[in-house]
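The following exercises invite the reader to examine a structure step by step. Each task is followed by a worked solution.

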Amino acid sequence: MLDKHLIRFATLEDVDAIMTFINENWKEGHLLATNKSFFLYEYQCGERINFALAIDVTNNKIVGLCGFIKNTEAYQNSCIWGSIWKVIKTDDPMLGIKILEYLHTQSDCKIFSSCGIAPKTIPIYQFLRFKTGKLNHYYRLNDKESYNIAKIVSKEIPEFVENIKVSFKEFNTFSDLQAHFDISSFSEALPYKDAWYLEKRYFNHPVYQYKIFGIDENLGQLNSILITREVAYNGVKVLRIVDFIGDYTQLAGIGYAIQQVMKKNDYEYVDLYAGGLQLDVIEQAGFQLKTDADLNCIPNYFEPFVQENTAIHYFTTSEQDFLIFKGDGDQDRPNFIPQS
Amino acid sequence: MEREQILKDINAIFIDILDNEDIVLTNETTAADVDGWDSLTHIQLVVAFENHFGIRFTTMEIQGWENVGAIVACISSKC
């Protein structure tokens, strides 16, 4: 049984077969099965394609795969995020786990994580002794008469610690960001996202336009940045914070700046999925934690729009404190590419 | 513990986890013979075996299971 399947990393020559596998075994018509340029944007690094494949050696067909997205240009010591893990039925029920182990041990990664894992797979990660959990969902409502994207049963708009010295500086180009923010100074952060990643992921995304804000405390330099994405549905807009890099205690002071941005753009709400943040820090910024007792609905899915609350589960091999945001891995990925 | 009893117990666990009353295991049964026995359910089965028999398996041990008989033998060696 052990010799029947070969597990290896993918190359450019495997792309068509991977896309076909995704179409046939993951989801028919999936963006990653139908749009090669987007597939290559997500997974190509030079000659390498960031997938581990299980190949049936008797017919050279793919029988399982797991893709990954890395946070640094170098493979060595990168924090990587698993995505699209799928194995078809074979006579080896351990094959899926072998692919995960291969990725974990052979990719040279520092930390292996995944954001958006299916709840039913959690026992697998627990068996592998990975840490699992659920991202917290925080939100702040704009003060409006009615809500069209959110479903509000109980309208509550918490106070924030007002700090008018804190403002947002928006960056429209990567070079502008680099001139004001020293990304490399966070090389000890977990996970560390380098300049290569930030530029590719948030400035050169082929579909989404991100708004990147520096948290300016009038210190002469910026110590933190927020990455956000505006989402519109039926003519109504919300702002989603998808990533953060820097000193997260600075989030405590952004309440006033968030309020200004929300008012100026008439956002219905601002929300944030994150793991590893201290609740008091985010509460000081005027956000509230979406708990099970909170009957409001703050949607997560917009492609297509689904007006329901969503839990985002994750696993990580990190044994140290580790910040996870919705933008990590492939959670903030388009489901389709608009024709325009 | 008798191997026959272990086989009977794990058959009941398979029925419960895979939600299939028709499962009848033999020592020669492999994953290819049972609908729904895949990577996901395999670990659920392993965890259920551990809880039921009060034992623990290593990843190496479960990677060596080629059929139900190998599972029964492994459990028998620990009970």
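**Exercise 1: Strand pairing in chain A**

In β17(A), A:His313 is the bridge partner of A:Ile117. The model is a predicted one.

Task: Determine which strands of chain A pair with β17(A), and in what sense.

Solution. Step one begins with strand β6 of chain A, residues 111-117, which is joined to strand β17 of chain A, residues 313-316, by 4 bridges. These two strands run antiparallel.
Step two turns to strand β7 of chain A, residues 131-134, which pairs with β17(A) over 4 bridges, again in the antiparallel sense. Here A:Tyr314 in β17(A) stands opposite A:Gly133.
The result is that β17(A) pairs with β6 of chain A and with β7 of chain A.

**Exercise 2: The contact between the chains**

Task: Describe the side of chain A that touches chain B by its residues and elements.

Solution. Step one is the count: 15 residues of chain A are in contact with 15 residues of chain B.
Step two locates the elements that give two or more residues to this side of chain A, namely α4 (95-106) and α5 (122-127) of chain A.
Step three sorts the residues of this side into 9 nonpolar, 2 polar and 4 charged.

**Exercise 3: Confidence**

Task: Establish where confidence in chain B is lowest and where it is highest.

Solution. Step one takes the whole of chain B, for which the average pLDDT is 92, with 100% of the residues scoring at least 70.
Step two compares elements: helix α3 of chain B, residues 59-63, has the lowest confidence in the chain, at a mean of 85, whereas helix α1 of chain B, residues 3-18, has the highest, at 96.
Step three adds the scores of the model, ipTM 0.78 and pTM 0.90.

Technical notes. Residues are numbered from 1 along each chain as its sequence is written. Chains are lettered from A and ligands numbered from 1 in the order in which they are written. This is a predicted model: local features need pLDDT of at least 70, side-chain atom pairs count only at pLDDT 80 or more; totals for chains, interfaces and linings use all residues. Two residues are in contact if their C-beta atoms, placed from the backbone, lie within 7 Å. Ala, Val, Leu, Ile, Met, Phe, Trp, Tyr, Cys and Pro count as nonpolar, Asp, Glu, Lys and Arg as charged, and the others, Gly among them, as polar. pLDDT is the predictor's confidence in each residue, from 0 to 100. Two strands pair if DSSP finds at least two bridges between them.
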